[in-house]
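Student: I have a model open and some questions about its metal site, strands and rings. Can you take me through them?

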Amino acid sequence: MSQPEHNISFVDAPGDTVRVVQLTDTHLCKSHGGTLLGMDTDHSLQAVIDLVKKERAGVDLLLGTGDLSNNGAREAYDRLEGYFAQFPCASFWLPGNHDLREQMEAAATTSNRLCKEIRTSNWQVLLLDSQVPGEVGGELGEQELALLQRALQSARDDGLHTLVCLHHQPVTIACTWLDQQMVADAAPFFALLDQYAGVKGVLWGHVHQECEQHHGDIRLMASPSTCVQFAPNCEKFKADDLPPGYRWLDLHSDGTIESAISRVWDVKFTVELDSGGY
Ligand SMILES: [Fe+2]
């Protein structure tokens, strides 16, 4: 039986189903009320959290899937701790291209905030690091792929279903400018996943839009940012006027995943739609 060489966090989900909420690309600035393309990212995150509280009772697991700060400021992660603390459940972060891992670790109020593997009685949730320091695009690299293989083998040994999370998209999504930033080593990533029938889903952020695809039986999911949205099917950068949102996932004990996104429709947000980039 193989043993993973990383720490595992165990999360107690009282029901048969693990109720997950993903908050992604919160882009918190150094100061409270800082903006991205004119949008106050503290205000939009709180609006999304208020929506989650209204819609999703009894969340078991809260995931922050990267670009949690806009520029790696310690102050942004300190505030993020406060936002996530509004939920009484276990919560975890993984880094995106806008993040600084050492600042995230410094701000973390629990030692396992950036752990790589979470387990419940039926599920393994992996939090991979696709960040390449100083680069916008993503890559897992040999170390993360090796960790992935060890973790998947151990999940197979223990009879667990797996949800793999990372920041960058491992597939193209029909946005030319974003497709250039996809995970560079997506081919070996999927080659590994294909060896393990227990892998049920892959979840990411980065693209600031809803997206669903399949890779064989594996469900592939991207989610809206809690702030500015990017328009789908674009060659160049284009912001979208859709409101901020989040994704929920119910991980059932038989390995099926129920999931959808939800958006804040009843609050007015500002966004500079004519901007050529961010
Ligand atoms: Fe982002």
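**An aromatic pair and the iron site**

Tutor: Start with Y278, which is partly exposed, with a relative accessible area of 35%. Buried means under 20% relative accessible area, exposed over 50%, and partly exposed in between (1.4 Å probe, protein chains only). This is a predicted model, where local features need pLDDT of at least 70, side-chain atom pairs count only at pLDDT 80 or more, and totals for chains, interfaces and linings use all residues. Residues are numbered from 1 along each chain as its sequence is written, and side-chain values use heavy atoms, with hydrogens and water left out.

Student: How is the aromatic pair of F230 and Y278 arranged?

Tutor: Rings of Phe, Tyr and Trp (its six-membered ring) pair if their centres lie within 6.5 Å; planes under 30 degrees apart count as stacked, over 60 as edge-to-face and the rest as tilted. For F230 and Y278, the centres are 5.1 Å apart and the planes make 50°. The pair is tilted.

Student: Is F230 buried or exposed?

Tutor: The relative accessible area of F230 is 1%. F230 is therefore buried.

Student: Why is the pair of W177 and F237 edge-to-face?

Tutor: The ring centres of W177 and F237 lie 5.2 Å apart. Both residues are buried. The pair is edge-to-face because the planes stand at 70°.

Student: Which residues coordinate the iron ion?

Tutor: Donors are N, O and S atoms within 2.8 Å of the metal (3.2 Å for Na, K and Ca); water is not among the atoms, so sites may look incomplete. Here the coordination distances are 2.1 to 2.3 Å. The residues are D25 (OD), H27 (NE2), D67 (OD) and H208 (NE2).

Student: Why is the arrangement around the iron ion irregular?

Tutor: Four donors count as tetrahedral if all angles lie between 85 and 135 degrees; four count as square planar and six as octahedral if opposite donors are over 155 degrees apart and all others between 65 and 115; anything else is irregular. The arrangement is irregular because the 4 donor atoms subtend angles of 89 to 176°.

Student: How many bridges join β15 to β16?

Tutor: Strands (E, at least two residues) are DSSP runs, numbered from the N terminus, as are helices (H or I, at least four). Two strands pair if DSSP finds at least two bridges between them. β15 (residues 245–251) and β16 run antiparallel, and the bridges joining them number 7.

Student: Which residue in β16 is the bridge partner of L249?

Tutor: β15 and β16 form a hairpin with 5 residues between them. The bridge partner of L249 is S259.
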